[in-house]
Amino acid sequence: MSSTKPLRGIKLPWIKTFETLGTRWQRLPTSARWVGYLAMVLLALSLPSIPGLGDIMTPGSSWERVLFYPIGIYILLALGLNVVVGYAGLLDLGFVAFFAIGAYTMAILGTEFGMDFWLVLPIAIAVTMLAGLALGTPTLRLRGDYLAIVTLGFGEIIRVTATNLSFTGGPRGINKIPRPPSVEGVSWLTFSISNVKPYYYLVIFFIVLVIIGLKRLERSRVGRSWAAIREDEDAAELMGVPTLTFKLWAFTVGAAVGGTAGVLYASFQTAIRPTDFPFILSATVLAAVVLGGAGNIPGVILGAFLVGWVPEVSREFSQYRVLVFGAVLVALMIFRPQGLWPSRIRQAELKQGEGGIGQLGGEVGAVVAQAEDNR
Amino acid sequence: MSMPERLLRIDDVTMQFGGLTAVNALNLHVDEGEIFALIGPNGAGKTTVFNMITGVYTPTSGDIVFLGTRVNGLRPHKVTRQGIARTFQNIRLFDNMTVLDNVVVGTHAGHRSSVAGALFGLPRFRREERQGRERAMELLEFIEIADRGGDAARNLPYGDQRRLEIARALATDPKLLLLDEPAAGMNPSEKSDLMALIRRIRDTGVTVLLIEHDMGLVMGVSDRIAVIDFGQKIADGDPLEVRQNPDVIKAYLGEVSDAS
């Protein structure tokens, strides 16, 4: 098989090891798995505090800062987009819109109404979900390329609208967005400009929450319906799956996660402008999903980590940084179209040449290249 | 009318695609408990009839009435929920999902729990998951591939894939099952197994409407047969009547010309 298509599905031995570990992992008793999960979370939490790690990972910039943004925020965004792209198989090129809506909700409610982070969060989630519904209801009847174009437009509309409205601060955006409330006297829960760790802990908290939620959805009627839609939408509809409803759910669940990331981002930056939400961010997050392995949570996290981290370490290439990054993406999509760590089911789809990420990868590659041209 | 309501009634249904009339003023009915076959030459409009019954197409005119309710114009998943399920001429399984999950998707047609239920593990969600899984296992046993529940559907042999499609359709708990050329590509022994399976399905109380080209299977299993040609019904009756109908012979063998 592989001899006929030497370029496709290049073998990554270390991923094979991961997959074997993954299989063993599934066979462990639940209690052992929970211990494992706990260890992983603790490891993640300790990342900014390991002495010397920052010098290796991000010599030119603050490791804590990079861990929160872009890496942490990208992971959250990629997990959200993964619902749409990885689970339901819908190509969304305007995911940044939900990130922006979450951020602006935090900014406006925080500055105009003095509302607290934890109060804004559920409101922002509700607002982004409504936005997902508003975008999805008319457009989810479209398929493939048409849906991609409409979502692309939506991302632009949100940014251009934010630039032109007065209550979003126009092109200058909104300043003095409140930080999340600190706990008096506890330094690791004191949010300030110089203390980034609490933000990182907060983003880990949300990532864990989102993963638990997504895992539950995956193993339910919702997840199976998404998978069925991805495999054969017409057959799914005829087997009683209300496809439009579940595609809308994919949009709204993804939007809710994207909105959460936006709230966090706004309360970290304390100032946001429309230019913080460019199309290239949608493309980058999509690249993270596809590069990591759409549909597989560990793969998506790996992808988001790389997409967030690689540009930071390649700062020494200065203006060629993005070029290098783009070349790496293109190379990966040629040699490893299924992503670095794909879900088994997606790997199979790709082999079969159906609804695959190969096609998605091509589209993303083209889009990223074009966006870079326009810079 | 005091007559008992038919299970399925196709009343004067016409389907046009642009200038092409695929089905022309068709009248049919299927009664509960029957095995009813729809036959005809290629391109006669049989699959179009299935597509209209299941909501894929909305008829240009006429009505499709299932258990007294008009179903034309309903979205396909609603039709399925009314109790009509189908298989496809070209197998359309969810290839990369497991055999069991394919069938579980079918059982979800009768389920109501959604995102909130799954996120918070609500009681109804847990009950539906358990029942769905149990029902799916039963159906895999019914079609005798229970031992392959964990495999990807595409890894099943061809005949098993055909039967898995039937199991998936049955999982939606239909009153009427539409089989679109279920014997296509099967060898004689698989065909006779299929015939037995169709009878067993009918014995569980599910009415069967099938499209089939294999005359041995059609004549052997059907209670009634309708023949359509060029979108019009040319005969309707029990296998013996249909076999002897001159119009049917003509449609299948061509016009016997006087000049011969």
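**Confidence and contacts in a predicted two-chain model**

Student: What pLDDT does chain B average in this predicted model?

Tutor: Chain B averages a pLDDT of 93, and 96% of the residues score at least 70. The scale of the predictor's confidence runs from 0 to 100. The model scores ipTM 0.93 and pTM 0.89.

Student: What makes residues of chain A and chain B count as being in contact?

Tutor: Two residues are in contact if their C-beta atoms, placed from the backbone, lie within 7 Å. By that criterion, 25 residues of chain A are in contact with 29 residues of chain B. On the chain A side, two or more residues each come from α8 (197-218), α9 (221-231), α10 (233-238), α11 (243-269) and α15 (344-352). The largest share, seven residues, is given by α9(A).

Student: How is the side of chain A that touches chain B divided by class?

Tutor: That side has 13 nonpolar, five polar and seven charged residues.

Student: Which angle and axis separation describe the packing of α5 and α6 of chain B?

Tutor: Helix α5 (residues 123-142) of chain B packs against helix α6 (residues 158-171) of chain B at an angle of about 140 degrees, and their axes are 10 Å apart. The crossing of α5(B) past α6(B) is right-handed.

Student: Which residues make this contact, and how do they divide by class?

Tutor: From α5(B) come R135(B), A136(B), L139(B), L140(B) and F142(B), while α6(B) gives A167(B), L170(B) and A171(B). Seven are nonpolar, none is polar and one is charged. Arg counts as charged, so R135(B) is the charged residue of this contact.

Note on methods:
Residues numbered from 1 in each chain as written. Chains lettered and ligands numbered in written order. Predicted model: local features only at pLDDT ≥ 70, side-chain atom pairs only at ≥ 80, totals over all residues. Helix = DSSP H or I, 4+ residues; strand = E, 2+ residues; numbered from the N terminus. Axes fitted to C-alpha atoms, helices over the stretch in contact; angles between N-to-C directions. Left-handed = near helix turned anticlockwise from the far one by under 90°.
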